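Subject: The structure for you to look at

Hi,

Here is the structure I said I would pass on. Have a look at it first, then read on for what I found in it.

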Amino acid sequence: MSDHPTPPPPPTADLWDSIDGLCGWLDANRPVDGREGLLLRIIKLSEEVGEVAEAVIGATGQNPRKGTTHTWDDVQSELCDVAVTALVALRTLTPDAREVFTGHLERVRHRSLGA
């Protein structure tokens, strides 16, 4: 046992504050603006989903030429990238992303799990 206390974990940022921050950073650094920029931000989801597929194939060793190239931790990380990218795209479409997502999640929860 150590004589030094374990420091507390750093405070976690609110999900939507983080999404707003990422959206702002992306907006300030995007080379393409307007409708085309919006569409490219949404298309980014396809890229991220492809990276999930690549990680699953790599984790299962399904490509005999490459063998096992990824771990299930890699798959988890890529899935998180998909979630973040989707929330950033939603936030790009509407400043009310939090309310839109929460309302949609509640409808899906109710439809799937009942009242």
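Before we get to how the helices pack, one definition: a helix axis here is a line fitted to the C-alpha atoms over the stretch in contact, and the angle between two axes, from 0 to 180 degrees, is taken between their N-to-C directions. Please also keep in mind that this is a predicted model.

**The overall picture**

The protein chain has four helices and zero strands, so if you walk along from the N terminus you simply read α-α-α-α. Of its 115 residues, 17% are buried. The chain exposes about 8700 Å², and 60% of that comes from carbon and sulfur atoms. If you take the contacts between residues at least 6 apart in sequence, 56% of them join residues at least 24 apart.

**α1 against α3**

Now for that definition in use. The axes of α1 and α3 are 9 Å apart, and the two helices pack at an angle of about 70°. Angles of 65 to 115 degrees count as roughly perpendicular, and that is therefore how α1 and α3 sit relative to each other. On the α1 side, the residues that meet α3 are Leu 15, Trp 16, Ile 19, Asp 20, Leu 22, Cys 23 and Leu 26. Their partners in α3 are Val 84, Leu 87, Val 88, Leu 90, Arg 91 and Thr 92. Sorted by class, this contact has 10 nonpolar, one polar and two charged residues.

**α3 against α4**

The next pair is α3 and α4, whose axes come within 8 Å and cross at roughly 120°. That angle falls outside the 65 to 115 range and is not over 145, so this pair is called oblique. Here Leu 87, Leu 90 and Arg 91 of α3 touch Ala 97, Val 100 and Phe 101 of α4. By class, the contact of α3 with α4 comes to five nonpolar, no polar and one charged residues.

**An aromatic pair**

How many aromatic pairs does the count come to? Just one aromatic pair. The partners are Trp 16 and Phe 101, with ring centres 6.1 Å apart and planes at 55°. Stacked would need planes under 30 degrees apart and edge-to-face over 60, so this pair is tilted. Trp 16 belongs to helix α1 (residues 15–28) and Phe 101 to helix α4, so the pair ties together parts that are 85 residues apart in sequence. Are the two partners buried or exposed? Trp 16 counts as buried, at 8% relative accessibility, while Phe 101 is partly exposed, with a relative accessible area of 33%.

**Two residues to find on your screen**

Start with Glu 48, in helix α2 (residues 34–60). Its relative accessible area is 7%, and because buried means under 20%, Glu 48 is buried. Apart from its neighbours within four places in sequence, Glu 48 is in contact with Glu 78, Asp 81, Val 82 and Thr 85.

Then go to Pro 95, in the loop between α3 (72–93) and α4 (97–113). Pro 95 is exposed, with a relative accessible area of 64%. The C-alpha atoms of Pro 95 and Asp 20 are separated by 8.8 Å, though these residues are 75 apart along the chain. Asp 20 is also one of the α1 residues that meet α3.

Cheers

Definitions and conventions. Residues numbered from 1 in each chain as written. Predicted model: local features only at pLDDT ≥ 70, side-chain atom pairs only at ≥ 80, totals over all residues. Heavy atoms only, no water. Buried < 20%, exposed > 50% of the residue type's maximum accessible area, 1.4 Å probe, protein only. Contact = heavy atoms within 4.5 Å. Areas by Shrake-Rupley, 256 points an atom, 1.4 Å probe, with all protein chains shown as cover. Phe/Tyr/Trp six-rings, centres within 6.5 Å; stacked < 30°, edge-to-face > 60°. Parallel < 35°, antiparallel > 145°, perpendicular 65-115°, else oblique. Nonpolar A, V, L, I, M, F, W, Y, C, P; charged D, E, K, R; others polar.
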